[in-house]
Amino acid sequence: MRFNVSSVLTYEVSTPCAFIFNIHVAKTASQYIVEEFVQTNPNLYFEVFTLDNSGTRFIRMAINEPMTFTLSYNAVVDVFLKIVDERQLSKPMSVMQLDYSIIPFLFPSRHCQSDKMTKLALREFKNAGNTYAQVHAINEWIFQHIEYLGGSTNSGTSAYDTLTQREGVCKDFAHLGIALCRALDIPARYFTGYAFDLNPPDFHACFEAYIGGEWIFFDPTKLVPVNGLVKIANGKDAAEVAVANYFGNAFCTYMNIQCFPSEPNFVPYSSPGYVEGISYT
């Protein structure tokens with residue numbers, strides 16, 4: 001499936017400010033970047049870097065005087081989803097079987113306090129079946145018990161806050177899913193990306209659980225077709241892969257995020273966790 005994605009971000013800067021953006025499409029085995037282009041208006045210097053042990057690309061730039069600027073990113077991306085029959089995911093994996101790179105996704109993190117959710121996770125999901133069935137049950141529970149309410153949370157909201165308040169946006173749904181998985185000793189990580197047919201258009205957050213040797217995708221919001229996403233990054237939670245971080249006085253005045261398939265015969269299908277597992281890795 002080929003997608004055209006774009007993001008346009010405008011910031012008003014009042015003092016010298018450093019920015020780190022995370023808007024590039026991820027380079028993975030499942031995503032081939034046909035072309036991409038980054039520009040600023042006015043023309044400003046920026047650098048693109050990749051962290052060690054991570055495929056995530058960041059943009060770093062400095063604004064040294066008060067001004068308004070726009071950062072634009074456009075890409076054409078081929079996405080090759082791997083569909084995994086849930087029967088292939090039934091074999092459990094112990095912590096001792098995990099690759100070293102997976103282990104960090106077992107631990108509590110800033111926004112995903114899994115250590116505070118063990119009692120709930122064991123009571124609600126431990127007896128749901130195999131690992132895949134447990135994560136599916138978590139996905140469904142969040143969809144049924146947490147209200148999606150724009151503007152109800154902020155950058156400091158944690159999974160525990162979301163569980164208490166019973167409302168949130170996509171990043172909060174993802175954080176809660178991650179925390180509940182980790183409370184059951186299931187590795188889970190944050191997924192951020194471009195999403196087709198999201199209303200209003202925006203970046204979208206979901207989560208992935210490590211099941212049977214595969215990173216399997218879940219979206220407890222069920223707001224977008226599961227085959228309508230283009231991955232930007234993974235992380236322990238949103239703090240690691242925020243779309244924008246800035247150090248100084250700045251304010252985002254405009255944002256336009258787009259993702260649409262190039263093929264006219266594109267057929268969207270529903271959220272995962274029903275018949276098969278989906279891997280974006």
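Which hand does the crossing of α2 and α4 have, left-handed or right-handed? The crossing of these two helices is right-handed. The model behind this report is predicted.

**The helix pair**

Helix α2 covers residues 131-145, and helix α4 covers residues 170-183. The two pack at an angle of about 145°. Their axes lie 10 Å apart. On the α2 side, the contact is made by Val135, Ile138, Trp141 and Ile142. On the α4 side, Phe173, Leu176, Gly177, Leu180 and Cys181 take part. By type, the residues of this contact divide into 8 nonpolar and 1 polar, with no charged residue.

**The chain as a whole**

The chain has 4 helices and 16 strands. How does its radius of gyration stand against that of a compact globule? A compact globule of 281 residues would have a radius of gyration near 19 Å, and the chain has 19 Å, so the two agree. Along the principal axes, the C-alpha atoms fill a box of roughly 60 × 40 × 35 Å.

Buried residues make up 52% of the 281 residues. The exposed area of the chain is about 13,100 Å². Carbon and sulfur atoms supply 51% of that area. Contacts can also be sorted by distance along the sequence. Take those between residues at least 6 apart: 77% of them join residues at least 24 apart.

**A buried residue in α4**

Ala179 sits in helix α4. Is Ala179 buried or exposed? Ala179 counts as buried because its relative accessibility is 0%, and the cut-off for buried is under 20%. Which residues does Ala179 touch, leaving aside those up to four places away in sequence? They are Cys112, Gln113, Ser114, Met117 and Ala159. Asn74 offers another reference point for Ala179: the two residues are 105 apart along the chain, and their C-alpha atoms are separated by 33 Å.

**Unusual backbone spots**

Most residues other than glycine have a negative phi, and most peptide bonds are trans. Four places in this chain are listed here against that background.

| Site | Backbone feature | Place |
|---|---|---|
| Asn41 to Pro42 | cis peptide bond, omega about 0° | Pro42: loop between β3 (31-41) and β4 (47-50) |
| Asn199 to Pro200 | cis peptide bond, omega near -5° | Pro200: loop between β10 (188-195) and β11 (203-211) |
| Arg166 | positive phi, about 60° | loop between α3 (159-165) and β9 (167-168) |
| Asp185 | positive phi, near 65° | loop between α4 and β10 |

The cis bonds come first. One joins Asn41 and Pro42. Pro42 lies in the loop that links β3 to β4. The other runs from Asn199 to Pro200. Pro200 belongs to the loop between β10 and β11.

Next come the positive phi values. Arg166 is not a glycine, yet its phi is positive. Its loop runs between α3 and β9. How open is Arg166? With a relative accessibility of 36%, Arg166 counts as partly exposed, a class that lies between the cut-offs of 20% and 50%.

Asp185 is also a residue other than glycine with a positive phi. The loop that holds Asp185 connects α4 and β10. Asp185 is exposed because its relative accessible area is 56%, and exposed means over 50%.

Key: Residues are numbered from 1 along each chain as its sequence is written. This is a predicted model: local features need pLDDT of at least 70, side-chain atom pairs count only at pLDDT 80 or more; totals for chains, interfaces and linings use all residues. Side-chain values use heavy atoms; hydrogens and water are left out. Axes are lines fitted to C-alpha atoms, for helices over the stretch in contact, and angles run from 0 to 180 degrees between N-to-C directions. A crossing is left-handed if the near helix is turned anticlockwise from the far one by less than a right angle, and right-handed if clockwise. Contact means heavy atoms within 4.5 Å. Ala, Val, Leu, Ile, Met, Phe, Trp, Tyr, Cys and Pro count as nonpolar, Asp, Glu, Lys and Arg as charged, and the others, Gly among them, as polar. The radius of gyration is taken over C-alpha atoms; the globule rule is 2.2 Å times the number of residues to the power 0.38. Buried means under 20% relative accessible area, exposed over 50%, partly exposed in between (1.4 Å probe, protein chains only). Accessible areas come from the Shrake-Rupley method with a 1.4 Å probe; for residues, only the protein chains shown count as cover.
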